[in-house]
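User: I should like a close examination of one part of the model shown below, set in the context of the whole chain.

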Amino acid sequence: QTGYAQSLAKNEISRYKQEKELQRFAKSPYPVHRMGKEVLLWWKARVDKYPNLSALARRILAIPATSAPSERLFSQASLLLSKKRSRLTDENASKLMFLNGCWELMENTFDLDGRPRKKVKT
């Protein structure tokens, strides 16, 4: 049970440090909300002072804000699911979209003879 007690103690200490870090940040005069594109650099520069918040901010802020994947999916769906195929069930339409994605993957991975494509070093 000493291992369990030590684990609990470590968790409490970690939680206490995180709470203190959050309190320090809340009281800080830094205008992080006005940093714009430089906000990731701001957090990187303060990783020693706010290690937990910095890691969390980098994880969240590094996510690209783009709609390209969803737009690509809708474009592919409009090509596959036309008025002529209006009698397709939802399940079959979903399977058709899946197979189309698999086909593109296979084309990019293998040549016409079924041999793996050589990777080009960039």
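Among contacts in the protein between residues at least 6 apart in sequence, what percentage join residues at least 24 apart? Please then look closely at Glu21: is this residue buried or exposed, and which residues does Glu21 touch, not counting residues up to four places away in sequence?

Analyst: The model is predicted, so local features need pLDDT of at least 70 and side-chain atom pairs count only at pLDDT 80 or more, while totals for chains, interfaces and linings use all residues. Residues are numbered from 1 along each chain as its sequence is written, and side-chain values use heavy atoms, with hydrogens and water left out.

Of the contacts (heavy atoms within 4.5 Å) between residues at least 6 apart in sequence, 25% join residues at least 24 apart. The protein contains five helices and zero strands (DSSP runs numbered from the N terminus; H or I, at least four residues, for helices and E, at least two, for strands). From the N terminus on, the order of elements is α-α-α-α-α. Of the 122 residues in the protein, 14% are buried (under 20% relative accessible area; exposed is over 50%, partly exposed in between; 1.4 Å probe, protein chains only). The protein exposes about 11,200 Å² (Shrake-Rupley method, 1.4 Å probe; for residues, only the protein chains shown count as cover), and 59% of this area is supplied by carbon and sulfur atoms.

Glu21 lies in helix α1, which covers residues 2-27. Glu21 is buried and yet has no salt bridge (a side-chain nitrogen of Lys or Arg within 4 Å of a carboxyl oxygen of Asp or Glu). The nearest side chain of opposite charge belongs to Arg24, 4.9 Å away; Lys and Arg count as positive and Asp and Glu as negative, with His and the chain ends not counted. With residues up to four places away in sequence set aside, Glu21 touches Lys49, Tyr50, Pro51, Asn52, Leu53 and Ser54.

Two of these partners merit separate attention. Lys49 is placed in the loop between α2 and α3. Lys49 counts as partly exposed because its relative accessible area is 38%. Under the same exclusion of residues up to four places away, Lys49 touches Glu21, Arg24 and Tyr30. Between Lys49 and Arg24 the C-alpha to C-alpha distance is 9.2 Å, although 25 residues separate them in sequence.

Leu53 is the second partner. Outside four places in sequence, Leu53 touches Glu21, Leu22, Phe25 and Trp43. Leu53 also belongs to the largest nonpolar core, a group of seven residues completed by Phe25, Val39, Trp42, Trp43, Tyr50 and Ala57 (buried Ala, Val, Leu, Ile, Met, Phe, Trp, Tyr and Cys residues joined through side-chain atoms within 4.5 Å). Both α2 (39-45) and α3 (51-61) supply at least two residues of this core, and the largest share, three residues, comes from α2. Tyr50, a contact of Glu21, is likewise a member of the core. In soluble globular proteins, nonpolar side chains tend to be buried together.

Helix α3 also contributes to the surface. Leu40, Leu56, Ile60 and Leu61 form a nonpolar patch there, with about 340 Å² of accessible area together (patch residues have over 30% relative accessible area and no salt bridge; like charges are joined within 9 Å, nonpolar side chains of Val, Leu, Ile, Met, Phe, Trp and Tyr within 5 Å). The most is given by α3, with three residues. One of the patch residues, Leu56, is found in α3 and is partly exposed because its relative accessible area is 46%.

For comparison with the unpaired Glu21, the structure holds one salt bridge. This bridge joins Glu91 and Lys95, whose closest N and O atoms are 3.2 Å apart. The two residues are separated by about one helical turn because they are four residues apart in helix α5 (residues 90-109). Glu91 is exposed, at 53% relative accessible area, whereas Lys95 is partly exposed, at 46%.

Two further residues of α5 complete the account. Ser94 is found in this helix and is partly exposed at 45% relative accessibility; its C-alpha atom is separated by 9.3 Å from that of Ala77, 17 residues apart along the chain. Glu107 is also in α5 and is partly exposed at 41%. The C-alpha atoms of Glu107 and Arg117 are 9.1 Å apart in space, with the residues 10 apart in sequence.
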